[in-house]
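User: I'd like to understand the labels used for this protein before I go back to the bench. Could you walk me through the reasoning behind them?

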Amino acid sequence: MLTGMDSHEKVRENRMRRMAERQGYRLIRSRRRDPLALGYGKYRIETVESALEAAGFESPGGWGLTLDEVEARLTRA
């Protein structure tokens, strides 16, 4: 059983992960476990080659993207 994330959301996250990999990026989810902590449930996108920031680093702690924002960034032309 998944805690904190329903199966639909996990499937969507995995789809975004694969999409990022096909584009040469890596999707990373914050490991924060406290729902009140900055960055909890947020993501960032890094380049695969050098782990340089691609998106999501602009917020405190470097975890600034929701899954909707990840999808928007990975699907724009």
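User: Thanks! To start, in which helix does D68 lie?

Analyst: Happy to help. Keep in mind that this is a predicted model. D68 is part of helix 2.

User: Why does D68 count as exposed or buried?

Analyst: The relative accessibility of D68 is 51%. Exposed means over 50%, so D68 counts as exposed.

User: And R12, why is that residue called buried or exposed?

Analyst: R12, which sits in helix 1, has a relative accessibility of 16%. The cut-off for buried is under 20%, so R12 counts as buried.

User: What makes the link between the side chains of D68 and R12 a polar contact?

Analyst: The distance is 2.5 Å, and the limit for such a pair of N or O atoms is within 3.5 Å. The two residues are 56 apart in sequence, while their C-alpha atoms are 9.8 Å apart in space. R12 also has a polar contact of 2.8 Å, side chain to side chain, with E71. Setting aside neighbours within four places in sequence, R12 touches L67, D68 and E71.

User: How do you know that the length of helix 1 agrees with what it should span?

Analyst: Helix 1 has 16 residues, and at 1.5 Å a residue it should span 22 Å. The C-alpha atoms at its ends are 23 Å apart, which agrees.

User: Why do you say that the buried residues of helix 1 line one face?

Analyst: Those buried residues are R12, E13, M16, M19 and A20. Viewed down the helix axis, they fall within an arc of 120°, so they line one face. A general rule helps here: an α-helix has 3.6 residues a turn, so residues three or four places apart point the same way. On the other side of helix 1, S7, V11, E21 and R22 are exposed. The cover over the buried residues includes strand 1, strand 2 and helix 2.

User: What makes up the largest nonpolar core?

Analyst: It has 11 residues, among them M16, M19, A20, L27, Y43 and V70. To belong, a residue has to be buried and joined to the others through side-chain atoms within 4.5 Å. Helix 1, strand 2 and helix 2 each give two or more residues to this core.

User: Which residues does L27 touch?

Analyst: Not counting residues up to four places away in sequence, L27 touches E13, M16, R17, A20, Y43, R44, I45 and V70.

Key. Residues are numbered from 1 along each chain as its sequence is written. This is a predicted model: local features need pLDDT of at least 70, side-chain atom pairs count only at pLDDT 80 or more; totals for chains, interfaces and linings use all residues. Side-chain values use heavy atoms; hydrogens and water are left out. Buried means under 20% relative accessible area, exposed over 50%, partly exposed in between (1.4 Å probe, protein chains only). Helices (H or I, at least four residues) and strands (E, at least two) are DSSP runs, numbered from the N terminus. Contact means heavy atoms within 4.5 Å. A polar contact is a pair of N or O atoms within 3.5 Å; within protein, one must be able to donate a hydrogen and the other to accept it, and residues adjacent in sequence count only if both atoms are side-chain atoms. The expected span of a helix is 1.5 Å times one less than its number of residues. The arc is that of the directions from the helix axis to the C-beta atoms.
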